[in-house]
Amino acid sequence: MKVDKNIIASGPPVAQEKVIYCDFKDKAIDKLYFKSGDRVTVKFNNIKVSFLTGLILRYSPKTQKKRFYSKYKHNTRTKWLKLNEFVLDHYGTVEVSEELLKLYKKYYCQKKNYWRHDPQEQLITQRQLEESQELSVREVIKRLVEAQFPRKTKLGKLAKVSQKTYARFLMGYHKRFDELIFDEDEKGYGTIRLKKGLDWKAFWAKYPPENRDPKDSDTEISVYDTNNIGPSIVDNLTKGVIEKYLECRKRPPGTKENILDSLQCLYSYAVNKLKCFGDNTPPINPTQNIEILKDDDSKFKGSYLNEISFDEHQVSQVDRAMIKIVRKKPFQSEALMLLTCVDIRPEHLLKFKKSDIKDDYILFRKEIKKDRSKAKVEDTKIYRTDEINRALNRLDRQYKRKCHQKHRFIPWLFPSDRIDWGTPKDFKTNKTRRRSLSGAWEEVRKLIKFEGSIKTLRKTYFTHEVELEKSKGNTTDEAIEKVAKKSHKGPKMIKTRYNKPPESVKMRKAQELSQVIKFKRSK
C-alpha cells in the first residue's frame, strides 16, 4: 500500500484529508487498518473501466467505517455520489461495481461523454419508489426495530420488556440480538440502539437472514430468519399462514402466545404506520382470533406458587426476615417491605423517584404504569397508611446512614448498589436504578421455613384486602368487586389470579361450616 503525503482539496465536501492507494480488492480493503488518526481518502490502483474511474473510499480510523463515494460531473459541476458502506462478504467491490454500472448504462451518454441525468437524484427517486411498493415481512421487521416499536394508538414507544420480547421472536434468535442495547427513557418508553457504533444499514448487512425452515431445527428460529413467512409479502399474510407457522414445530403455549403477540405488533405497524395496504386495508386481520390450546398442567417449575398466599403467621415471619437482611441488602429490604402494603408491582416500584414521595401520599406516575398504552391513564395517589409510613421511615433511616450519604445525588427511590461514582453524568439515568429484588428475596427465603415468591406478596396483599371487605359484611363476590374498583378495570383478575386464601384460612372456614351444619342437624 502506497501513501501519498500530499493534501488534496478534491473529494467529498469535508475537511482536507490524507490520500492513500489500495488495490480494488475486498481483501485489501478489509485489511486496511489504522488504530487512530484523521479520516483518510482511499484511491484504487487497478481500476480499468470508465464507470469506476471516480470511485474512492473514505475510511475513518475512529469508527473503522469504510464508505464508497463516486466522483462525477453533471452540468459542469463536480458532485459526489454517496454509496453504501463496505461490509466484507456483503457489500464490496462486486456490489459497488454492479450499482455504478446500472446507473452508467441508464443515465450516461457514452457517445458524447456526459451524464444525461443526475444519478444522485435518480437514485433518490428510485429508493422513494421502492419504499412505496410492497414490503416483505423481513422489511417490515427491519423498519419496526429501527423505529423502536412505536405504540399502536398513541405517541411514544412500547415498554422495554415488550420490545425485548418482540425483538427476540421477530429477529433475535440469532447473534444479532446481542448487538442491541435495550433501555428506557424518562417517560418509561423503551429505546433500542446498536453496540460498537454500527449503523442500521451495516447491521442488517452484517447479519443477513439465514433462510432456515423452523420445523427442521432443534432450536427456535426467528421470523426474520425463516424461509417461509420471512420473505413473504406482508399483504399475503393470512390466518392460515400464521397458524401453520405457529404449529410448524413443537412449542409450549406460552411461546406461541409470545410469537402471536409479536406478529400482531408487526401487522399493526404495517397497517397503521407504514400504510402498506394503501386505501385497501384487508377487512380481516390475520393475526386475530387465533386460538392457542393450553395444557391443564403447567410445565413452569414455579407454577405451584400461583395458588398460594401468606397467612398472618407467615406474614410476620417474612417481615422479621426482611428486617434481618437490612444490613446485607440495604434499600432492597425496604422495597420488599413496601410491596407488602401497596398495590404496586415490583418492576414499577423500582421506577419510583424520591420526588414521588409526598407528605400524605405516594405519586404513582402514569409514565411507569403497566396499562399506559391501552387507554387514558393519569397519575394516581397512594395515600400513606401506618404500614406504608413504617416502610418509608425505615428507608429514610437508610439514607441517613453515613455510608449512604452519597446516594442523595441519585434521583431513584431504590438506587443500585453498583453505581460508578466517577461518572456524575450518569447519576440521573437508568444506570443508577435498581432493576431487580430477586437477590434480596433469596436471602428472605433462607430465613423462612415455607415457600413463596415476590409475586406471593402481591397475592397476599389482595387476599387480605378481600378478607377485610368480607369482614364488613360483604359476600366474597361483593368484596372482590370493591377491591377491584381500586386497582383493576374489572373483578376477573382479582378473582382468578390474586384472591388466594391460604390453606390455614380454608381449613378454618371448613371447620366453621362443619360446626354450622352440625348445629343445624342437632336441632
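Which residue forms a salt bridge with Asp199, and how far apart are the closest N and O atoms? In this predicted model, the partner is Arg67, with the closest N and O atoms 3.7 Å apart. Arg67 sits in strand β5 (residues 65–74), while Asp199 belongs to the loop between β10 and α6, so the pair ties together parts that are 132 residues apart in sequence. Arg67 counts as buried, its relative accessibility being 18%, which is under the 20% cut-off. The pair is also part of something wider: salt bridges with shared partners link Lys65, Arg67 and Asp199 in one network.

The count of salt bridges in the model comes to 26. Another of them pairs Asp118 with Lys79, and here the closest N and O atoms are 2.7 Å apart. Asp118 is found in the loop between β8 (114–115) and α3 (119–131), and Lys79 is in strand β6 (residues 77–85), so this bridge ties together parts that are 39 residues apart in sequence. Buried is the word for both Asp118 and Lys79. Then there is the bridge between the side chains of Glu451 and Arg445, at 3.1 Å from N to O. Its two ends are not buried: Glu451 is partly exposed, with 38% relative accessible area, and Arg445 is likewise partly exposed, at 33% relative accessibility.

Turning to the nonpolar interior, the largest nonpolar core has 43 residues, and the members that touch the most others are Ile141, Phe149, Met171, Leu180 and Val234. Quite a few elements chip in. At least two residues each come from the helices α4 (137–146), α5 (160–171), α6 (200–206), α7 (239–246) and α8 (253–272), and from the strands β9 (180–184) and β10 (190–194). Helix α8 gives the largest share of this core, with 9 residues. A second core, separate from this one, holds 36 residues, including Ala321, Leu395, Ala440 and Trp441.

Phe149 is worth a look for its contacts in the largest core. Setting aside neighbours within four places in sequence, Phe149 is in contact with Leu144, Lys157, Leu158, Gln163, Tyr166, Ala167, Leu170, Ile192 and Cys265. Two residues in that list, Leu144 and Cys265, turn up again where α4 meets α8.

That helix pair packs at an angle of about 90 degrees, and the axes of α4 and α8 are 10 Å apart. The angle makes α4 roughly perpendicular to α8. On the α4 side, the contact is made by Val137, Val140, Ile141, Arg143 and Leu144, and on the α8 side by Cys265, Leu266, Tyr269 and Ala270. By residue type, the contact of α4 with α8 has 8 nonpolar residues, 1 charged and no polar.

Finally, there is Glu220, which is placed in the loop between α6 and α7. Glu220 is buried, at 14% relative accessible area. Apart from neighbours within four places in sequence, the contacts of Glu220 are Tyr173, Arg249, Arg251, Thr255 and Ile259. Of these contacts, Arg249 is 29 residues away from Glu220 in sequence, with 9.0 Å between the two C-alpha atoms.

Note on methods: Residues numbered from 1 in each chain as written. Predicted model: local features only at pLDDT ≥ 70, side-chain atom pairs only at ≥ 80, totals over all residues. Heavy atoms only, no water. Core = buried A, V, L, I, M, F, W, Y, C linked by side-chain atoms within 4.5 Å. Buried < 20%, exposed > 50% of the residue type's maximum accessible area, 1.4 Å probe, protein only. Helix = DSSP H or I, 4+ residues; strand = E, 2+ residues; numbered from the N terminus. Contact = heavy atoms within 4.5 Å. Axes fitted to C-alpha atoms, helices over the stretch in contact; angles between N-to-C directions. Parallel < 35°, antiparallel > 145°, perpendicular 65-115°, else oblique. Nonpolar A, V, L, I, M, F, W, Y, C, P; charged D, E, K, R; others polar. Salt bridge = Lys/Arg side-chain N within 4 Å of Asp/Glu carboxyl O.
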